[in-house]
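Biologist: Please take a close look at one part of this model, the loops with unusual backbone geometry. Then set them against the rest of the chain.

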Amino acid sequence: MSTNHFLRRVAKSVLPAAMLNYMRERLRTDLPRHALSYQGVYTQHSMRWLHEGRFAEIHDRHRKLNPFNAPNETRLRQYTACMFAEFSKSIPGDFLSAGISFGIAPRVIYDFVEFERLEKNYHFIDPFLGANYPGQGVNPYNTDFQFVRKQYREDAPVVFHRQLLPDCFPLKGLERGLAFVHLNTTHPAAEAASLQYLYEKLNPGGYILIDSYSFGQGGFDDYDLVIQKIGAKVFSLVTGQGIIQKPLAGDNQPVNA
Ligand SMILES: C[S@@+](CC[C@H](N)C(=O)[O-])C[C@H]1O[C@@H](n2cnc3c(N)ncnc32)[C@H](O)[C@@H]1O
């Protein structure tokens, strides 16, 4: 038995579980020293494809659009967003992102799924007024609409709705319905008030990704009643995001999260 193993067994037998957990957290003994923090998420597993390859290249190209963005702060959340956007590509209907600010997430998604090949429109909702910053101190949200507009060609398939959720609904131009929705306004009440409309517009197989669903203490009080009311199922992710898929016709309803 290694010394390390022996010391762990001794500690386990003499220290109460609560104390042991506290020490584990403080010392992170079960994690490699180099484990990175992805906005509070740590893992002992390989995050190679967040740092190398196509996603990493696209993420790192656009990350600095937001001057406040640290290298790994939103990397895992955006990887997840790209994953569900990719799954939604073949579903009929448009993409929609609410909460744009400097526009990193939609820009990363746009390149990752090669949006211009999809023959869809990408709807962006944000009044660019720096609204609803939930933190303290200087408001870090972008208020310069042109800064985001110029990230896309003049004739790119992007449609800006410079309004607030949920006042912007019904939204113009959603005749084909939606395939993918990304909510990142950091305003759970406004997002929850939009869910029924968005779920109705979502085509079967499409996804709604909610960045504030279980982030921090979670926005359950805002979201869960509505999710239950509309008969949707939400799954909570390690990033603090929640994901809803509208079942395909004939699919078994997924089990509760
Ligand atoms: C966290 S930032 C979005 C970050 C962006 N997704 C990115 O990756 O760069 C949130 C943005 O949503 C905007 N916002 C806040 N409440 C909103 C609402 N009810 N409707 C639309 N946008 C809102 C904020 O003003 C801010 O610009």
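Modeller: Glu119 counts as exposed, because 8 C-beta neighbours lie inside 10 Å and the limit for exposed is 12 or fewer. The model is predicted, and the values below are computed from it. Glu119 sits in the loop between H6 and strand E2 (122–125). Its phi is positive, about 55°, although Glu119 is not a glycine.

Phe128 also has a positive phi, near 55°, and is likewise a residue other than glycine. Phe128 belongs to the loop between E2 and helix H7 (145–149). Its surroundings are another matter: Phe128 is buried, because 20 other C-beta atoms lie within 10 Å and 20 or more is the requirement. Strand E2 thus borders both loops, with the loop of Glu119 running between H6 and E2 and the loop of Phe128 running between E2 and H7.

The loop between strand E3 (158–161) and strand E4 (178–183) holds Pro166, and Pro170 is found there too. Each proline follows a cis peptide bond. The bond from Leu165 to Pro166 has omega near -10°, and the bond from Phe169 to Pro170 has omega near 0°.

These loops connect elements that can be placed in the wider chain. Helix H6 (residues 104–112), at one end of the loop of Glu119, gives six residues to the largest nonpolar core, the largest share of that core. The core has 47 residues, and those with the most contacts inside it include Ile109, Phe180, Val181 and Ile208. Phe180 and Val181 fall within the range of E4 (178–183), where the loop with Pro166 ends. Beyond its neighbours within four places in sequence, Ile208 is in contact with Val181 and Leu183, and also with Leu198, Tyr199, Leu202 and Ile244. In soluble globular proteins, nonpolar side chains tend to be buried together.

For the chain as a whole, there are nine helices and seven strands. Of its 257 residues, 35% count as buried. Among contacts with a separation of 6 or more, 74% join residues 24 or more positions apart. The C-alpha atoms fill a box of roughly 65 × 40 × 35 Å along the principal axes.

The ligand remains. Around it are 22 residues, of which Gly99, Ser101, Ala105, Asn132 and Ala190 come nearest. By class, this shell has eleven nonpolar, ten polar and one charged residues. Ala105 lies within the range of helix H6 (residues 104–112).

Conventions
Residues numbered from 1 in each chain as written. Predicted model: local features only at pLDDT ≥ 70, side-chain atom pairs only at ≥ 80, totals over all residues. Near = placed C-beta within 6 Å. Nonpolar A, V, L, I, M, F, W, Y, C, P; charged D, E, K, R; others polar. Helix = DSSP H or I, 4+ residues; strand = E, 2+ residues; numbered from the N terminus. Contact = placed C-beta atoms within 7 Å. Core = buried A, V, L, I, M, F, W, Y, C linked by C-beta atoms within 7 Å.
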